[in-house]
Amino acid sequence: MREMNEAIIEALEGLAGVWAVGGAVRDWAIGRPFKDLDIAVEGDVRSAGAAVMAAVGGHFFLMHPASQTARVAFADGAWVDIVPLPHGLEADLQRRDYTVNALAAPIGMLRRPAPSPMPAAPPPGVVDPTGGWGDLRAGIVRLTHSTALEEDPLRTLRGLRVATTLRFATEPSTWRAIERCAPLLARVSPERVRDEWLALLDAPRARDGVARAADLGLLDVVLPEWRELEGVTQNPYHHLDVWDHTLDVLHQFDAMLSRTALEPPLRLPDDLYDDVSAYLGETVSAPHTRRALIRQAMLMHDSGKPATRTEDGVGRVRFHGHEGASADTARDWAHRFRLSGKERDFLTGVVGLHMRPGALVDPGVTERAVKRFLRDAGPAAPALFILNAADRLAARGPWTTDEEVDTQVEGTWRLLRLWFEMKHTVALPLPLSGRDLMSAYNLPAGPRIGRLIQMLRDIHLDAPFPDRTAAVEAARGLLTEEEHCDTMGEP
């Protein structure tokens, strides 16, 4: 995205009256790489859109024909928004949400380094009608005007996301306004809430943002199921109730990736760090990363515990089948907030399978059992291992010993290492589908296809197919053998 932004900026520099606005200017000012690029133009939005498409491609369209707000969308799911300035640049900035987002700079300024350290006054060219530059220097999130949240309630969640991402303080009256207006978030479309929420979960130290969202009432809109987890006591393997344990899982996830907060084996081993970081940064459906969806899975992995909690005559607490109930809750959440099919499958897969990795770290587990799990989990396997480690680190009750935690976490890293080794040498999931078999051999849908797929999976488990062609050829042999057996069986 950085290279694309540079090409867009270079293309727009030749046009008069083109400004970078909002988050890109904010991040540039504090020396932080920016991803989102919003453009304001004093002329025709179509001219700016044409320049963007000439530089990097994409598709131009008007999102709001009446206001002439436009977007250039790209094939990878990214986009650039372009807004006109019918009332002038300063008026546009004063209508924005937070002062740190109400800055503008000539588009070409973003190609130059920002002054460091930040001067007391914004450099020439930067337009700052609301005092955002000073708030940036002070690390404060402040509303631009008193009705900003009522005008767009999504700004309640955005303010929390900005404060969490930048580790800024929030001006007290702004916090009070967000808390007062939090119920209004329910009026916002699920897609916009989803995107803002997953952006918050993609930020470092997202656990703090989640806890603050609960305090402010925002979580009652985004994930109302959290209320049912409060105060649900667990067995003595745990030292926290279900909700506090959930928050601690998020904390442990951040700590194990920090490379400094924990000592080995309780943090991610150095030899896995690059592979895991790349995996977490992968986009499942733009702009949502695996990192954000893993954190959502962590929030929901025990959501089925209240409904499955039982206590026997001697007070032993159990949550039999809670992973399945949790997966159902995750599936409902994915439907409610309109996640893509890939995102839904990833989220529910991680939640529904999250208990299995813990049983695989035993030295007596066969290699075949491990490989079968890797096959079943597919791309979700690393997420499951990471969740398992964080889950174990967040369970420190009187029945849990340090040795048990160390064994679980070390075993988890061993499995994670195996997954990446296999990923770099073979294709883990079966490289063909039932539809491929039907097409290749003109077969009808039915149980026969299911049997063939299962046989191919068993072969793939022991001797992985390098590609689809090899799997199709193996299917030919199975079909020939099946036909031979049918013939031998005839009277």
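A residue counts as buried when its relative accessible area is under 20%, and as exposed when that area is over 50%, with partly exposed in between. The structure described here is a predicted model. By that cut-off lysine 305 is buried, because its relative accessibility is 5%. This briefing covers charged pairs first and nonpolar cores afterwards.

**Salt bridges with buried partners**

- The model contains 33 salt bridges in total. Side chains of opposite charge can pair when their charged atoms come close.
- Lysine 305 pairs with aspartate 302 in one of these salt bridges, and their closest N and O atoms lie 3.4 Å apart.
- Aspartate 302 is likewise a buried residue, since its relative accessible area is 2%.
- Another salt bridge links arginine 26 to aspartate 27, with an N to O distance of 3.0 Å.
- Arginine 26 has a relative accessible area of 8% and is therefore buried.
- Aspartate 27, its partner, has a relative accessible area of 5% and is buried as well.

**A salt bridge within a helix**

- Glutamate 473 and arginine 476 form a salt bridge through their side chains, at 3.4 Å from N to O.
- Both residues belong to helix 24, which spans residues 468-488. Because they stand 3 residues apart in this helix, about one helical turn separates them.
- Glutamate 473 is partly exposed, with a relative accessibility of 43%.
- Arginine 476 is also partly exposed, at a relative accessible area of 41%.

**A network of charged residues**

- Asp97, Arg158, Arg161 and Glu196 belong to one network, joined by salt bridges that have partners in common.

**Nonpolar cores**

- The largest nonpolar core comprises 133 residues. Within this core, Trp197 and Leu219 are the residues with the most contacts.
- Helix 20, covering residues 381-393, contributes the most to this core, supplying 9 residues.
- A further core of 15 residues lies apart from the largest one. Its members include Tyr441, Leu452, Ile453 and Phe465.

**The surroundings of tryptophan 197**

- Leaving aside residues up to four places away in sequence, tryptophan 197 touches Leu157, Val210, Ala213, Leu219, Val222, Gln296, Leu299 and Trp333.
- Leu219 thus appears among the contacts of tryptophan 197, and these two residues are the ones named for the most contacts inside the largest core.

Methods. Residues are numbered from 1 along each chain as its sequence is written. This is a predicted model: local features need pLDDT of at least 70, side-chain atom pairs count only at pLDDT 80 or more; totals for chains, interfaces and linings use all residues. Side-chain values use heavy atoms; hydrogens and water are left out. A salt bridge is a side-chain nitrogen of Lys or Arg within 4 Å of a carboxyl oxygen of Asp or Glu. Buried means under 20% relative accessible area, exposed over 50%, partly exposed in between (1.4 Å probe, protein chains only). Helices (H or I, at least four residues) and strands (E, at least two) are DSSP runs, numbered from the N terminus. A nonpolar core is a set of buried Ala, Val, Leu, Ile, Met, Phe, Trp, Tyr and Cys residues joined through side-chain atoms within 4.5 Å. Contact means heavy atoms within 4.5 Å.
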